[in-house]
Structure formats: structure tokens, C-alpha cells
Amino acid sequence: MPERIATVASRVGLHARPAAIFAEAAGDQPVEVTIAMEGAPADEAMDASSILSLMSLGAEHGSKVVLRAEGDGADAALEALVQVLETDHDAE
């Protein structure tokens, strides 16, 4: 299963606006994507398109998270979502 590690760039972490932006981007992908804190067991991964899951993850600025997806388009979906996470949406 393809996976990518990304660093959360938004100053408030994955809360409020950045979580909403990321959840929408994840929901727009052609594959289901999960997210977990780096080092967490894969079975603890959460739905990346769920704002509530993202906010409960506790990912702060600088946290490393693991994105996983499977199926056609998984690699491209993960690359796109890494870009979203590694953008400081609070600076815009």
C-alpha cells in the first residue's frame, strides 16, 4: 500500500480551517485516504476526509503524519495531499 510522510505546515496544526481544506481535498481524491501520526499503528489510521477525525488526530505545527491509500491513482492522490499538508494555510 503506497504511503507518504508529510509535515504539517499550518501554524495551528490540523484544526479548523486547515482541517477543512485538507478534508475537502482528501474527499476529492479517487481513492480512500487514511491519516495517522507517524509511528502510530496502521490500524489506528483515520479517514482523511473526515474533519472530526483530523481534529481528533492532534497534529500540531511540525507534526509528521502518514498518509496511505490503495488503488488506481493512489500515488498521485498522496502526492497532492502532501502538498496540501505542507502548505501553511494560516499564512494565506
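**Exercise 1. Work out which residues line the largest cavity of this predicted model, and what character that lining has.**

Let's start with the roll call: Val8, Ser10, Leu14, Pro18, Phe22, Val84, Leu85, Thr87 and His89 line the largest cavity. The model is a predicted one, by the way.

Next, sort that lining by character. Six of its residues are nonpolar and three are polar, while none is charged.

Now look for helices that contribute. Both α1 and α3 put at least two residues into the lining.

Finally, the volume: the largest cavity holds about 40 Å³ of space. Scanning the whole structure turns up one cavity of 30 Å³ or more.

**Exercise 2. Find the buried side of α3 and say what covers it.**

First, the helix itself. α3 runs over residues 74–85, which makes 12 residues. From first C-alpha to last it reaches 16 Å, close to the 16 Å expected at 1.5 Å a residue.

Second, pick out the residues under 20% relative accessible area, the cut-off for buried. In α3 these are Ala74, Ala77, Leu78, Leu81, Val82, Val84 and Leu85. Because they span an arc of only 155° around the axis, they sit on the same side of α3. The spacing idea behind this: an α-helix has 3.6 residues a turn, so residues three or four places apart point the same way.

Third, flip the helix over. On the face turned away from the buried side of α3 you'll find Ala76 and Gln83, both exposed.

Last, the cover. The elements over the buried residues of α3 include β1 (3–7), α1 (16–27), β2 (33–37) and β4 (64–69).

**Exercise 3. Do likewise for α1, then check the backbone at Ala16.**

Start with the span again: α1 has 12 residues and reaches 16 Å between its first and last C-alpha, close to the 16 Å expected at 1.5 Å a residue.

Then list what is buried in α1: Pro18, Ala19, Phe22, Ala23, Ala25 and Ala26. Their arc around the axis is only 165°, which puts them on the same side of α1. Two of these names, Pro18 and Phe22, also turn up in the cavity lining.

For the cover, β2, α2 (51–57), β4 and α3 are among the elements over the buried residues of α1.

Turn to the opposite face, where α1 carries the exposed residues Ala16 and Glu24.

Now the backbone check. Most residues other than glycine have a negative phi. Ala16 isn't a glycine, yet its phi is positive, about 50°. And Ala16 lies in helix α1.

How values were computed:
Residues are numbered from 1 along each chain as its sequence is written. This is a predicted model: local features need pLDDT of at least 70, side-chain atom pairs count only at pLDDT 80 or more; totals for chains, interfaces and linings use all residues. Side-chain values use heavy atoms; hydrogens and water are left out. Helices (H or I, at least four residues) and strands (E, at least two) are DSSP runs, numbered from the N terminus. The expected span of a helix is 1.5 Å times one less than its number of residues. Buried means under 20% relative accessible area, exposed over 50%, partly exposed in between (1.4 Å probe, protein chains only). The arc is that of the directions from the helix axis to the C-beta atoms. Contact means heavy atoms within 4.5 Å. On a 1 Å grid over the protein atoms alone, a cavity is a set of points where a 1.4 Å probe fits but cannot get out, and a pocket is an open set with protein on both sides within 12 Å along at least five of seven lines; lining residues have an atom within 4 Å of a point. Grid points are joined across faces, edges and corners, and a volume is the space filled by probe spheres set on the points. Ala, Val, Leu, Ile, Met, Phe, Trp, Tyr, Cys and Pro count as nonpolar, Asp, Glu, Lys and Arg as charged, and the others, Gly among them, as polar.
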